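Visitor: Could you take me slowly through a single part of this structure, the place where the chains meet? I am new to this, so please link each point to the next.

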Amino acid sequence: MLKKLFGKREKDEEIAEVLEGKAQDVGEETPGTGEREQLEVQDEKQKVGLYQRLKEGLNKTRKGFVNKVESLFTGRAIDDEFFEELEEILIQADVGINTTMKLVEHLQEIVDEKRINDPVELKQIFKEEINNLLGEPTPLELKSGLNIVMVVGVNGAGKTTTIAKISERFKNQGKKVLLGAGDTFRAAAIDQLKVWGNRVGIDVIAHSEGADAAAVAFDAIHAARSRNVDLLILDTAGRLHTQKNLMEELKKVRRVLSREAAGAHEHVLLVVDATTGQNAINQARLFNEAVEVNGITLTKLDGTAKGGIVIAIKDDLKIPIQLIGVGEKAEDLQDFIPEEFVQALFAE
Amino acid sequence: MVFENLAEKLQATFSKLRGKGKLNEKDVKTALKEVKLALLEADVNFKVVKDFIKKIEERAVGYEVMESLSPGQQVIKIVNDELTKLMGGTQSKLASASKPPTIILMVGLQGAGKTTTTGKLAKLLEKQGRRPLLVAADIYRPAAIKQLQVLGERLDIPVFSMGSQTSPIDIAKAAVQYAENQGRDYMIIDTAGRLHINEELMGELKDIKASVKPHEILLVVDSMTGQDAVNVAESFDQALGIDGVVLTKLDGDARGGAALSIRTVTGKPIKFIGMGEKLDGLEPFHPDRMANRILGMGDVLSLIEKAQETIDLKKAQELEEKLRKQEFTFEDFLDQMKQVRNMGPLDQLMGMIPGMGKVKQLKNMQVDEKALDHVEAIINSMTREERVNPDVINGSRRKRIARGSGTSVQEVNKLLKQFNDVRKMMKQLTGMQKKGKMSKFPFM
């Protein structure tokens, strides 16, 4: 996968340049009108690019989920069998029983109420329902001053890779970024973050393996303050949400963070693997109970996982999905925009 | 506990059935609907669930159940049978090469736990007297090689690596040569995580397979995987022809439905299950025992095996003798505690005891391993005399012990009281069964 990254390095740089151009636009340099126009065109292009990329990333998701939805919503009667089939499709997309039942029952009510018998009309309603459920987009944005993002999640969810992608994104926007290597547990986790840091050109505050994660947080926050950093991202060791002592340790890191980061903007980001089934809801719930999760990053949506868990998590816990990972490259970590997501899901 | 939620749901459903003297078709249908929902919530693949329920329905609604004396029991037995079948009958072992080294190739998605499992498997093999070699062929993920090297160091097992500039195929080939020269009889190749739809990287695995001809290709799957587990397993199987599956992260509250689906769809057995952060957290998978655990019938066999592995029989006999003569001391207490703890995390052990899943007070109990650490510290802070003859521990000694162990006098008092209770209990027990067999675990 990284070979792929290396291989497509040049392309990355191109995109980085585009992003830098955008940053300049906001900056002090006032480009001539001609230049500005050009930038806008670039901007437009980039937007199309992102949408395309999202669509491509979701391609597999679409193939499984959408094709079924498509064939379900065309040319057939809306009867019990229809709803049963819709139920099956949603369950197979990992939406989960509770949310599925809720969606289907609600749809049934609407059909009864409005006497709908055109499946195409129902499809539009179904789309809107999911859209409503997912709510407004809440992208990860930096406020002025020090922003601290603590990244948590179970083992193997993709925390470190997500951190690398977020830091690259904000660095390219001209922000000063610092990383804290708070995974002092897994063998070579610190090295992994350092390699990323090196590659992106961002400093990493680290202790040795086995050190106290809270102490790393402490040092990282103080370093961030003295270096006048815009964004500090704190990595933490992957842990199963059921491991009580490890969750206690996480709470401690969070306490240190809150104490030392007075005045800074704290943000806890939970990383969830999109291939996860119903367990993702437990993960979100328990991490939220322990450290109060502000947002979710859903990774690995470029596989064949249907990503229905997004709907279930939002429905169950009201925690907003902020970012989604649809590929290996930095720009494959994107803001989660419910409308685009649904649009991409249902695109013809 | 593994499959906890599933187990709970099924047991609740069955306890309703159990109470009934006679079953009609409707009872069975209602029960099966609940079973279906429980399985779906456990992330078992939708199609697998459908087939499963259909099979049970056919058998359960038939004559053999309705006419039997305890129809409820009969249905449970059928579910148990089918569940065991679903999971693959009996245990499947690792292949071994006629001419060493036996080559094991570890494959899977990113973040499934391949590298950790590779380490754990090596440890398991070494425990069985093998001489494994770890091969670092994940050249893509930053520091993946380092991770394996650190694991190798901790386990004291050699790691073969050629850095991240050599192709995994060349690394694998060179490793075979190395293993032969060094007399290692097993080599485990750790590969990079990859998406099953990434043709380029799947091609790389095919090339490794073609060049070193592994005897065993193990697919590592995260037990928390949802409905997609089936697609992943199918793709890997079609591309490589996997020999078995390792399910990881089973120590969480994963409902483990992926295990059932993968086995059904690919026909390939689950060979190992991984739990916990420690390197000895990999166990052979016993489908029949797991089915029992799911249905709340406990897994006594695994418990006994664990005990046999870790408990020193001679010591146990000595202890029995001591207990009988009521000479049980803090030394023995400490010894026993260490032995039991060696068997693994206590809450995992609890899950194996029949009926434990149903004891309400135990359901949400987290065995506090830290409290046990305190007990150890307290005993370690006692003098020899105090351990052998706890009655001499007076107020000032208690203070000293509390200080020495970093605990409080209250905690010391509590332990002393518990210890006396245990002694009293032993006295009663020995009195009761005179020459009968003593429990080997006074604390359980």
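**Where chain A and chain B meet**

Guide: In this predicted model, chain A and chain B bury about 3900 Å² between them, and 56% of that area lies on carbon and sulfur atoms. The size of an interface is often given as the accessible area lost when the parts come together, which is a helpful way to read such a value. Counted by residues, the contact draws 46 from chain A and 40 from chain B.

Turning to particular links across this interface, the rule finds 3 salt bridges between chain A and chain B. One pair in a salt bridge is B:Arg154 with A:Glu209, whose closest N and O atoms are 2.6 Å apart. The count of residue pairs in polar contact between chain A and chain B, with both residues at pLDDT 80 or more, is 12.

If you now look at the side of chain A that touches chain B, the elements of chain A that give two or more residues to it are α1 (2-7), α5 (80-92), α6 (97-114), α9 (189-200), α11 (244-260) and α12 (279-291). Within this side of chain A, the largest share comes from α9(A), which supplies 5 residues. Sorted by class, the side of chain A that touches chain B holds 14 nonpolar residues, 18 polar residues and 14 charged residues, and you can go through these classes while following the elements just named.

Terms used:
Residues are numbered from 1 along each chain as its sequence is written. Chains are lettered from A and ligands numbered from 1 in the order in which they are written. This is a predicted model: local features need pLDDT of at least 70, side-chain atom pairs count only at pLDDT 80 or more; totals for chains, interfaces and linings use all residues. Side-chain values use heavy atoms; hydrogens and water are left out. Contact means heavy atoms within 4.5 Å. Buried area is the accessible area (1.4 Å probe) that two parts lose on being put together, summed over both. A salt bridge is a side-chain nitrogen of Lys or Arg within 4 Å of a carboxyl oxygen of Asp or Glu. A polar contact is a pair of N or O atoms within 3.5 Å; within protein, one must be able to donate a hydrogen and the other to accept it, and residues adjacent in sequence count only if both atoms are side-chain atoms. Helices (H or I, at least four residues) and strands (E, at least two) are DSSP runs, numbered from the N terminus. Ala, Val, Leu, Ile, Met, Phe, Trp, Tyr, Cys and Pro count as nonpolar, Asp, Glu, Lys and Arg as charged, and the others, Gly among them, as polar.
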